[in-house]
Amino acid sequence: MSVHDPHVGQRPAPSWGVRRFTPSWRWLTEAMWWVEHAFGRAHADARPEEDTRVRIFVILSVFSAVFVCLTLGAVHAALLTAGAGGGASNHPNAVIRADMVDRNGALLATNIVHYGLYIDPAQVWDRRAAAAQIRRALPRVSKTRLDAALYGDRRLLVVNRLTPREKVAVHNLALGGVSFEPEDVRVHPLGESARHVVGNVDTGGVGLSAAERAFNDEIRAAGARGESFQISIDLRVQGVLENELAAAAEATQARGAVGIITDVQTGEVLGMASWPASNSRNLATAATYEMGSVFKTFTVAAAIDTGRADMNTLLDASEALQIGSRRITDFHAQNKVMTLEEVYLHSSNIGTSLLSTQMGPRVMRDYFDRFGLMSRAPFEIPSEAPITPREWSDSTLASLSFGYGISITPMQMAAAMGALTNGGRFIPLTLRKGGRPEVRGRQIVSPETSLAMLDLMRRNVVRGSGGRAEAPGLRVGGKTGSANKSVNGRYNTAHAVGTFAGVFPADGPVNARRYQILVLIDEPQTYPRTGGFVAAPAVGRIADRIAGFVGVARRADPYRTALGDRIPAFEDLEGDGR
Amino acid sequence: MSTAVVALNRLFAWKIRGIRWIEIIGVLLVAVMVFSVYVAKAAAARESARISELERQISDNGQRVRLLRAEVARLEQPNRLEALSRGAGLGPVDVHRQATAESLPSLAPIPEPRPVVIAPTPSAAADAPVADPARGDEP
């Protein structure tokens with residue numbers, strides 16, 4: 001055992017400490033001294049239990065506790081911390097924005113590393129030769145920018161967004177002072193195809209329009225996970241729609257055209273096209289039209305749903321309908337009392353005007369509201385608001401019943417036709433694959449009304465104005481619409497809109513898989529300009545070509561065989577396709 | 001003192017050249033531990049470098065795949081394919097020339113199976129006169 005001086009406790013701190021430190025530090029040195037000599041004091045105070053072993057034990061305990069803590073920390077870090085293992089925390093295939101793919105995985109938009117070309121003039125040997133070589137390898141480079149960089153005094157960006165191929169071409173020149181910096185660029189390999197659906201992205205990777213904007217956050221989140229982002233479009237269907245729409249628009253020398261294909265049971269948009277594709281304006285959402293007789297579908301549906309009419313209800317269209325000073329006539333007057341079916345198939349303005357005035361403004365407005373005709377279409381791509389009537393007089397009601405006095409976007413029409421043909425549930429259209437999980441369909445008409453309208457629309461193709469939309473064995477139904485456009489406040493017959501809102505297959509139960517095809521031709525220049533001639537044939541061809549993609553088999557129905565042959569002898573009642 | 005404590009004390013006091021065995025064993029254990037930690041850390045660093053390298057390769061390959069997929073998408077875009085098909089004189093198939101698998105039998109009836117010819121029994125074959133190949137009497 002060591003020897004301790006029993007008086008050491010009373011010993012003052014060494015005087016050198018007092019000299020060296022300022023008075024403010026004196027308490028510290030005294031405190032240290034006091035601790036140092038605590039052991040001596042303990043012996044002096046006759047407390048032998050506080051001897052060396054106690055100190056060793058205390059120090060041992062403290063060190064043990066520290067080491068146990070360190071050990072636990074190390075074990076925790078080694079075994080229990082998520083993400084340990086040396087790998088990067090990000091997914092190796094993570095990108096700023098996920099690839100956008102269609103419902104089958106076909107690529108619509110992707111991120112590709114492009115390169116910015118920089119030139120440091122201090123390292124260029126022969127500037128004239130370098131300029132000539134770069135211009136030969138990269139014809140799109142601007143001469144002024146290239147010269148500015150070559151004859152400047154610091155490193156400058158010459159051109160950005162070099163494709164990997166262009167980069168290799170310039171790199172192979174082996175020029176000094178030329179360098180590349182990678183930059184992530186959003187690429188749309190389909191060019192103008194589906195551009196109105198996919199949309200654009202700014203250089204910072206933020207979606208600016210259409211699906212890129214609507215799903216911006218989800219696309220970025222999927223990109224961070226290294227996954228793709230699917231939308232509801234089917235590229236095959238989209239391709240058929242675009243090609244047939246362009247063919248129809250070119251054949252009719254139209255000013256514009258819109259096509260929309262939806263799954264009526266889920267609200268998914270399978271194809272959406274706006275012609276000409278070079279126009280950045282998407283006519284499906286950004287333009288409103290008075291669509292004419294297609295609206296007779298809604299008038300008749302409202303009449304059936306309220307119980308005011310059925311297929312055999314008689315309406316007197318034997319003479320023109322006089323509402324105040326206004327005289328309503330039929331395009332091809334039958335001058336007879338007609339059943340509701342005949343009113344629809346002959347597209348009688350008088351018949352639907354009678355129905356609408358009988359129902360009155362409250363009921364008509366209620367049903368137009370239910371069909372979503374009075375408000376913007378609830379869709380991921382923001383759309384134009386409809387132009388709705390300010391007052392609901394009998395004259396307005398008559399106009400509304402056959403599609404005048406209200407301008408709606410094609411998206412609204414597609415959603416409303418979908419609701420009428422899926423059992424009466426209004427389902428907002430969506431670009432989200434599988435539909436919107438959080439949105440429940442709103443029942444707007446009864447399933448019986450929906451079935452009646454499906455049958456009526458089918459008959460309209462078999463026996464009415466929509467005959468040119470027939471596709472063999474696909475049971476196409478639909479309604480034509482033809483309207484004159486208002487030019488300088490007057491309706492001008494030289495400016496027309498021809499529409500066909502079709503659905504296939506029109507038979508089967510209300511919840512059967514069914515697809516809605518809307519084609520609208522804006523200002524066709526060929527005669528006749530009615531929807532039955534300009535739009536219906538395109539719908540028939542589209543249905544014929546996409547049936548295989550969407551899995552609709554050709555089958556016979558009461559009107560036609562599976563190969564499109566007539567079952568009962570039948571003639572087009574009108575032949576005018578109105 | 002119990003025997004266990006005595007044994008422990010003896011073990012503790014077991015020395016060689018004035019050094020306790022227990023301390024030698026402890027030092028050896030510590031040395032082994034230090035070495036194994038070093039080996040484990042070196043291996044982990046190697047694995048980590050390899051993982052980083054693989055991830056870089058995955059990323060590079062991912063970039064190439066993206067580039068190739070974009071190229072495929074460009075080449076397979078419906079507008080282009082349709083234009084090429086029309087240029088080659090192709091078009092949608094007429095409905096009368098389409099058929100399903102179920103309708104195949106009606107398009108080309110399955111031929112009647114040939115009547116089964118019963119082969120002569122071995123005994124009958126043995127009784128039959130053996131043709132002499134050299135005579136060339138086959139038809």
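The following questions and answers concern a predicted model.

Q: Which element gives the largest share of the side of chain B that touches chain A?
A: In the predicted model, 22 residues of chain B are in contact with 29 residues of chain A. Two elements of chain B, α2 (21-75) and α3 (78-87), give two or more residues to this side. The largest share, 15 residues, comes from α2(B).

Q: How many charged residues are on the side of chain B that touches chain A?
A: The side of chain B that touches chain A can be divided by class. Nonpolar residues number 9 and polar residues 7. The charged residues number 6.

Q: Which residues of chain A does G62(B) touch?
A: G62(B) belongs to helix α2 of chain B, the element that gives 15 residues to the side touching chain A. Residues up to four places away in sequence are not counted here. The residues touched by G62(B) are P92(A) and N93(A).

Q: Is G62(B) buried or partly exposed?
A: A residue counts as buried with 20 or more other C-beta atoms within 10 Å, and as exposed with 12 or fewer. G62(B) has 16 C-beta neighbours inside 10 Å, so the residue is classed as partly exposed.

Q: What percentage of the residues of chain B count as buried?
A: Chain B has 5 helices and 2 strands, arranged along the sequence in the pattern α-β-β-α-α-α-α. Of its 139 residues, the share that counts as buried is 3%.

Q: Where is R17(B), and is the residue buried or exposed?
A: R17(B) has a positive phi of about 50° although it is not a glycine. The residue lies in the loop between β1 (15-16) and β2 (19-20) of chain B. Because R17(B) has 5 C-beta neighbours inside 10 Å, it counts as exposed.

Q: Which strands of the open sheet β7-β6-β16-β15-β14 of chain A stand at the edges?
A: This open sheet has 5 strands, and the pairing is antiparallel. From one strand to the next, the twist averages 10°. An edge strand has a single partner strand, so one side of it is left without a neighbour in the sheet; the strands in this position are β7 (269-275) and β14 (477-487) of chain A.

Q: How many residues lie between β14(A) and β15(A) in their hairpin?
A: The two strands run antiparallel and are joined by 11 bridges. N488(A), in the turn, has a positive phi of about 55°. The number of residues between β14(A) and β15(A) is 2.

Q: Which residue in β16(A) is the bridge partner of V497(A)?
A: V497(A) is itself the bridge partner, in β15(A), of A483(A). Strand β15 (residues 490-504) of chain A is also joined by 8 bridges to β16 (residues 515-522) of chain A, and these two run antiparallel. One such pairing links T499(A) with L520(A). In β16(A), the partner of V497(A) is D522(A).

Q: What angle does the direction of helix α18 of chain A make with that of β14(A)?
A: Helix α18 (residues 447-463) of chain A packs on the sheet. The strands touched by this helix are β14 and β15 of chain A. The angle between the directions of α18 and β14(A) is about 75°.

Q: Are α11(A) and α20(A) roughly parallel or roughly antiparallel?
A: The axes of α11 (residues 235-251) and α20 (residues 536-550) of chain A come within 10 Å and cross at roughly 165°. The crossing is right-handed. Angles over 145 degrees count as roughly antiparallel. The two helices, α11(A) and α20(A), are therefore roughly antiparallel.

Q: How many nonpolar residues has the contact of α11(A) with α20(A)?
A: Among the residues in this contact are V240(A), L241(A) and E244(A) of α11(A), and I542(A), R545(A) and F549(A) of α20(A). By class, the contact has no polar residues and 4 charged ones. Its nonpolar residues number 10.

Q: In which loop does P528(A) lie?
A: The peptide bond from Y527(A) to P528(A) is cis, with omega near -15°. P528(A) is in the loop between β16 and α19 (531-534) of chain A.

Q: Which strand holds R161(A)?
A: Phi of R161(A) is near 60°, a positive value in a residue other than glycine. With 15 other C-beta atoms within 10 Å, R161(A) is partly exposed. The strand that holds R161(A) is β3 (residues 156-162) of chain A.

Key:
Residues are numbered from 1 along each chain as its sequence is written. Chains are lettered from A and ligands numbered from 1 in the order in which they are written. This is a predicted model: local features need pLDDT of at least 70, side-chain atom pairs count only at pLDDT 80 or more; totals for chains, interfaces and linings use all residues. Two residues are in contact if their C-beta atoms, placed from the backbone, lie within 7 Å. Helices (H or I, at least four residues) and strands (E, at least two) are DSSP runs, numbered from the N terminus. Ala, Val, Leu, Ile, Met, Phe, Trp, Tyr, Cys and Pro count as nonpolar, Asp, Glu, Lys and Arg as charged, and the others, Gly among them, as polar. Two strands pair if DSSP finds at least two bridges between them. Axes are lines fitted to C-alpha atoms, for helices over the stretch in contact, and angles run from 0 to 180 degrees between N-to-C directions. Angles under 35 degrees count as roughly parallel, over 145 as roughly antiparallel, 65 to 115 as roughly perpendicular and the rest as oblique. A crossing is left-handed if the near helix is turned anticlockwise from the far one by less than a right angle, and right-handed if clockwise.
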